[in-house]
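Trainee: I am new to this structure. Please take one part of it, the largest pocket, and go through it closely, then say what else is worth knowing.

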Amino acid sequence: MTEIRTERLLLRPAKACDLQAFHTILSDRDATAYWSTPPHTDIAETQAWLDAMLAIDPAQGEDFVIEHEGRVIGKAGLFAFPEIGFILHPDAWGKGFAGEALRPVLDRAFAVHDLPTVEADVDPRNTASLRLLRRMGFEETGRESRTLKIGDEWCDSVYLSLNNPKAGGARRAEASARPIAP
């Protein structure tokens, strides 16, 4: 897997030595408020998560560690094609880092991996992520209630999709679009 440099960031493959940095992020209640798991309480949870990130088959996904000034601040990528995901430490919020990291990830999704679409599943309470994805061109394709149980809480989903610009504006995502719940 390649490394990508942006104006302020380094996106690189994960390493075993990233464990403590990711545990700091994944054990933070604010960082994981809309994440797919509750905050990690044991470093073994983070180790299993990092092991899964390290084991991604390049034909099935591509996930990057986000570094700013030599410090791991999060991750962005496609853990499993075509779904995008990202998480940043709260200290890195509000500085444009998520958008700066996602742009080259999306560019690679279309130019290198030739994905017809990239999809996102976002908790509707996560207004900052929804705003960011919409600014990047994602369009809502549906909503569902009670899609994921995190700890003791059921969470809802907003589904979004971004079409490959090479598709000439075709609505390829419609075939996999989810219904909009009432």
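Mentor: The largest pocket of this predicted model has a volume of about 1,200 Å³. Its lining is made up of 46 residues, and the closest to the pocket centre are Trp 35, Phe 86, Ile 87, Asn 126 and Ser 129. By kind, the lining residues divide into 25 nonpolar, eleven polar and ten charged.

Both helices and strands contribute to this lining. The helices that each supply at least two residues are α2 (43-54), α3 (97-111) and α4 (127-135). The strands that do so are β4 (71-80), β5 (83-88), β6 (117-122), β7 (139-150) and β8 (153-163).

Two of these elements, α4 and β7, are joined by a loop, and Met 136 has its place there. Met 136 counts as buried because its relative accessible area is 11%, and the cut-off for buried is under 20%. Leaving aside residues up to four places away in sequence, Met 136 touches Gly 99, Leu 102, Arg 103, Leu 106 and Leu 162. Ala 33 lies 103 residues from Met 136 in sequence, and their C-alpha atoms are 22 Å apart in space.

A word on confidence belongs here. The mean pLDDT of the chain is 91, and 91% of its residues reach 70 or more. Residues 169-182 are another matter: pLDDT stays under 50 over this stretch. For residues 169-182 the model has 24 contacts beyond four places in sequence.

Note on methods: Residues numbered from 1 in each chain as written. Predicted model: local features only at pLDDT ≥ 70, side-chain atom pairs only at ≥ 80, totals over all residues. Heavy atoms only, no water. 1 Å grid on protein atoms, 1.4 Å probe; cavity = no way out; pocket = protein on both sides within 12 Å on 5 of 7 lines; lining within 4 Å. Points joined across faces, edges and corners; volume = space filled by probe spheres on them. Helix = DSSP H or I, 4+ residues; strand = E, 2+ residues; numbered from the N terminus. Nonpolar A, V, L, I, M, F, W, Y, C, P; charged D, E, K, R; others polar. Buried < 20%, exposed > 50% of the residue type's maximum accessible area, 1.4 Å probe, protein only. Contact = heavy atoms within 4.5 Å. pLDDT = per-residue confidence, 0-100.
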